[in-house]
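Dear colleague,

I am passing the structure on to you with this message, and below it I have set out what was found. Please read the notes with the sequence and the coordinates open beside them.

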Amino acid sequence: MTWTIYLSGEIHSDWREQIEAGAKQAGLPVSFSAPVTHHEASDDVGVAILGSEPDKFWHDHKGAQINAIRTRTLLDKADIVVVRFGEKYKQWNAAFDAGYAAALGKPLIILHQDEHAHALKEVDAAALAVAKTPDQVVAILRYVINGALPGYTEAAGNAR
């Protein structure tokens, strides 16, 4: 089985690439999906395809609706959802994705630093794991997919 992992959230760092590289290095049977991470393309998709809007609200609304087609479809297909909250920006879309995934009953891994723990307490409460680093996410995926926990499972496997 190939597991589908949806990587949602912050777009201004390489956390997705770190998780993808770690999963590849671990030999995990996974495929990854994500929202469009090119900020301007994501913001302007509605007006670029459907025509300009003089009102910024409708400009953003058109883009949000088209982006929602992708997001909802990929979240629906995901086996696991990882949501990253970065340090710099308020990521309302990430919080929405986490809530949507939780409502779908998707296993949810949240990724953020300690300074966001209070602000994200409800999101964290809906998650099955809260990690601080991409390496921790990869370790969770390795354990969930392969049942492998370095330092534990090798000895048990050899004793059988």
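To begin with the largest pocket, its lining is made up, by class, of 10 nonpolar, 10 polar and 8 charged residues. Please bear in mind throughout that this is a predicted model. The volume of the largest pocket comes to about 860 Å³, and of the 28 residues that line this pocket, Ser42, Asp43, Ala64, Asn67 and Asn93 are the closest to its centre. Helices α2 (39-50), α3 (56-77) and α4 (92-103) each contribute at least two residues to that lining, and the largest share, 11 residues, comes from α3.

The second largest pocket has a volume of about 260 Å³. Its lining consists of 13 residues, with Lys90, Gln91, Trp92, Ala119 and Leu120 lying nearest the centre, and by class this lining divides into 7 nonpolar, 3 polar and 3 charged residues.

Turning to the interior, the largest nonpolar core has 18 residues, of which Ile5, Ile19, Val30, Val82, Ile109, Val137 and Leu141 touch the most other members. At least two residues of this core come from each of β1 (3-9), α1 (15-25), β3 (80-84), β4 (108-111), β5 (129-131) and α6 (134-146), and α6 gives the most, with 4 residues. If you would like one residue to start from on screen, Val137 touches Ile19, Val82, Ile109, Leu111 and Ala131, leaving aside residues up to four places away in sequence. Apart from this core there lies another, of 15 residues, which includes Leu75, Ala78, Ala101 and Leu120; Leu120 is also among the residues nearest the centre of the second largest pocket.

Finally, there are the aromatic rings, of which the structure holds 2 pairs. In the pair of Phe57 and Trp58 the ring centres are 4.8 Å apart and the planes stand at 90°, so this pair is edge-to-face. Phe57, with 49% relative accessibility, counts as partly exposed, and Trp58, with 43%, counts as partly exposed as well. Phe96 and Tyr100, by contrast, form a stacked pair, with 6.3 Å from centre to centre and 20° between the planes. Both of these residues lie in helix α4, 4 residues apart, which is about one turn of the helix. Phe96 has a relative accessible area of 56% and is therefore exposed, whereas Tyr100, with a relative accessible area of 22%, is partly exposed.

With best regards

How values were computed. Residues are numbered from 1 along each chain as its sequence is written. This is a predicted model: local features need pLDDT of at least 70, side-chain atom pairs count only at pLDDT 80 or more; totals for chains, interfaces and linings use all residues. Side-chain values use heavy atoms; hydrogens and water are left out. A nonpolar core is a set of buried Ala, Val, Leu, Ile, Met, Phe, Trp, Tyr and Cys residues joined through side-chain atoms within 4.5 Å. Buried means under 20% relative accessible area, exposed over 50%, partly exposed in between (1.4 Å probe, protein chains only). Contact means heavy atoms within 4.5 Å. On a 1 Å grid over the protein atoms alone, a cavity is a set of points where a 1.4 Å probe fits but cannot get out, and a pocket is an open set with protein on both sides within 12 Å along at least five of seven lines; lining residues have an atom within 4 Å of a point. Grid points are joined across faces, edges and corners, and a volume is the space filled by probe spheres set on the points. Ala, Val, Leu, Ile, Met, Phe, Trp, Tyr, Cys and Pro count as nonpolar, Asp, Glu, Lys and Arg as charged, and the others, Gly among them, as polar. Rings of Phe, Tyr and Trp (its six-membered ring) pair if their centres lie within 6.5 Å; planes under 30 degrees apart count as stacked, over 60 as edge-to-face and the rest as tilted.
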